[in-house]
Amino acid sequence: MRSCLIAGNWKMNGSLQSVTDLVEGIKAGDHGKAELVVCPPAVFLLKVGGMLADSDIALGAQNVCDQAAGAYTGEVSAAMLLECGCRYAIVGHSERRSLYTETDALVAARFAMAVESGLTPILCVGETLDQREQGVTESVVATQLDAVIDVAGVEGLKRCVIAYEPVWAIGTGQVATPEQAQAVHAFIRQRLAQHDADMAQRVQILYGGSMNPSNAAELLAQTDIDGGLIGGASLKAADFLAIAQSA
Ligand code: PEP
């Protein structure tokens with residue numbers, strides 16, 4: 001039985017004060033049976049990690065460097081993230097892929113470094129609107145998954161979370177229907193089952209893209225949707241908790 005994981009991706013938002021208020025709000029509320037992860041901007045990880053130390057809420061980073069240490073200006077290593085208290089790291093978010101031209105190969109290398117270091121990567125996959133309209137959603141998602149399997153192997157997949165995030169639904173308010181999301185989640189699980197049926201049944205597959213308190217319950221009720229990766233709605237403690245409670 002897979003548990004429900006609700007992860008908040010705060011992206012490049014907030015200040016020391018607003019992040020503190022947000023963490024206090026989340027800690028003070030009820031998140032039901034869902035597991036919670038928050039992914040603040042890197043500069044706030046140490047602060048938020050300290051605030052979460054006495055809670056059951058996990059800390060995640062929004063990315064992780066594919067290299068262990070050295071001359072990689074602007075990057076943050078897995079060891080540094082672990083020192084801040086991170087358990088998770090998002091890799092391959094569509095904003096990283098499209099705005100910062102992260103390729104499938106780089107995403108796979110970041111994923112492998114996370115796994116090797118003991119972080120759980122939250123691997124984001126998903127198609128653009130053009131790709132959906134061309135009917136190539138499954139092949140796009142399969143290519144993104146295969147790139148990671150080629151580098152990290154099936155063993156790597158055993159220690160990850162996958163987030164299906166249709167690019168056209170991220171930050172647009174245009175959420176995938178429960179049927180559209182379930183179809184791709186089922187496809188991902190079948191694809192993984194070709195490598196290892198047991199791993200495919202165990203891996204948590206989150207949906208991400210304009211999930212909010214009013215559409216979460218229906219999405220989270222789908223057989224293969226095991227949680228959510230939440231952007232905008234994770235910036236308000238009440239909304240984030242309401243999504244978790246609807247699981
Ligand atoms: C995201 O960025 O991962 C995301 C799902 O954003 P939003 O919920 O705002 O669509």
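Me: In helix α2, residues 45-52, which residues are buried?

Reply: In this predicted model, the buried residues of α2 are Leu 45, Val 48, Gly 49, Met 51 and Leu 52. Around the axis they cover an arc of only 165°, which puts them on the same side of α2. The face turned away from that buried side carries the exposed residues Leu 46 and Gly 50.

Me: Which residues of helix α1 are buried, and which are exposed on the other side?

Reply: The buried residues in α1 are Val 19, Thr 20, Leu 22, Val 23 and Ile 26. Seen down the axis of α1, these buried residues fall within an arc of 165°, so they line one face of the helix. On the other side of α1, Gln 17 and Ala 28 are exposed.

Me: How can I compare the span of α1 with what its number of residues leads one to expect?

Reply: The expected span is 1.5 Å times one less than the number of residues. Helix α1 has 13 residues, 16-28, and should therefore span 18 Å; its end C-alpha atoms are 18 Å apart, which agrees with the expectation.

Me: What are the relative accessible areas of Val 19 and Gly 25, and how should I read them?

Reply: A residue counts as buried under 20% relative accessible area, as exposed over 50%, and as partly exposed in between. Val 19, in helix α1, has a relative accessible area of 2% and is therefore buried. Gly 25, which also lies in helix α1, counts as partly exposed because its relative accessibility is 27%.

Me: Which residues, far along the chain from these two, have C-alpha atoms whose separation is given?

Reply: For Val 19 the partner is Met 51, 32 residues apart along the chain, and the two C-alpha atoms are separated by 10 Å; Met 51 is one of the buried residues of α2. For Gly 25 the partner is Ala 238, 213 residues apart along the chain, with the C-alpha atoms separated by 7.6 Å.

Me: Where is His 31, and is His 31 buried or exposed?

Reply: His 31 has its place in the loop between α1 and β2, the latter being residues 35-39. With a relative accessible area of 11%, His 31 is buried. A polar atom of the side chain of His 31 lies 3.0 Å from the backbone oxygen of Ala 34.

Me: What is the sign of phi in Thr 101 and in Ser 210?

Reply: Most residues other than glycine have a negative phi. Thr 101, however, has a positive phi near 45°, and Ser 210 has a positive phi of about 60° although it is not a glycine.

Me: Where do these two residues lie, and is each of them buried or exposed?

Reply: Thr 101 is in the loop between α4 (94-99) and α5 (104-117), and at 62% relative accessibility Thr 101 counts as exposed. Ser 210 is found in the loop between β7 (204-208) and α10 (216-220), and with a relative accessible area of 18% Ser 210 is buried.

Me: Which residues come nearest to the ligand?

Reply: There are 14 residues around the ligand, and of these Lys 11, His 93, Glu 165, Gly 171 and Ser 210 come nearest. By kind, the residues of the shell divide into 4 nonpolar, 8 polar and 2 charged.

Me: Which polar atoms of the protein lie at short listed distances from oxygen atoms of the ligand, and how much of the ligand does the protein cover?

Reply: A polar side-chain atom of Lys 11 lies 2.5 Å from an oxygen atom of the ligand. Polar backbone atoms take part as well, with one of Gly 171 at 2.6 Å from a ligand oxygen and one of Gly 232 at 2.9 Å from a ligand oxygen. On its own the ligand has 290 Å² of accessible area, of which the protein covers 95%.

Me: Which residue has its C-alpha atom 9.5 Å from that of Glu 165?

Reply: That residue is Thr 128, 37 residues apart from Glu 165 along the chain. Thr 128 is found in the loop between β5 and α6 (129-133), and at 30% relative accessibility Thr 128 counts as partly exposed.

Conventions:
Residues are numbered from 1 along each chain as its sequence is written. This is a predicted model: local features need pLDDT of at least 70, side-chain atom pairs count only at pLDDT 80 or more; totals for chains, interfaces and linings use all residues. Side-chain values use heavy atoms; hydrogens and water are left out. A residue is near a molecule or strand if one of its heavy atoms lies within 4 Å of it. A polar contact is a pair of N or O atoms within 3.5 Å; within protein, one must be able to donate a hydrogen and the other to accept it, and residues adjacent in sequence count only if both atoms are side-chain atoms. Accessible areas come from the Shrake-Rupley method with a 1.4 Å probe; for residues, only the protein chains shown count as cover. Ala, Val, Leu, Ile, Met, Phe, Trp, Tyr, Cys and Pro count as nonpolar, Asp, Glu, Lys and Arg as charged, and the others, Gly among them, as polar. Helices (H or I, at least four residues) and strands (E, at least two) are DSSP runs, numbered from the N terminus. Buried means under 20% relative accessible area, exposed over 50%, partly exposed in between (1.4 Å probe, protein chains only). The arc is that of the directions from the helix axis to the C-beta atoms.
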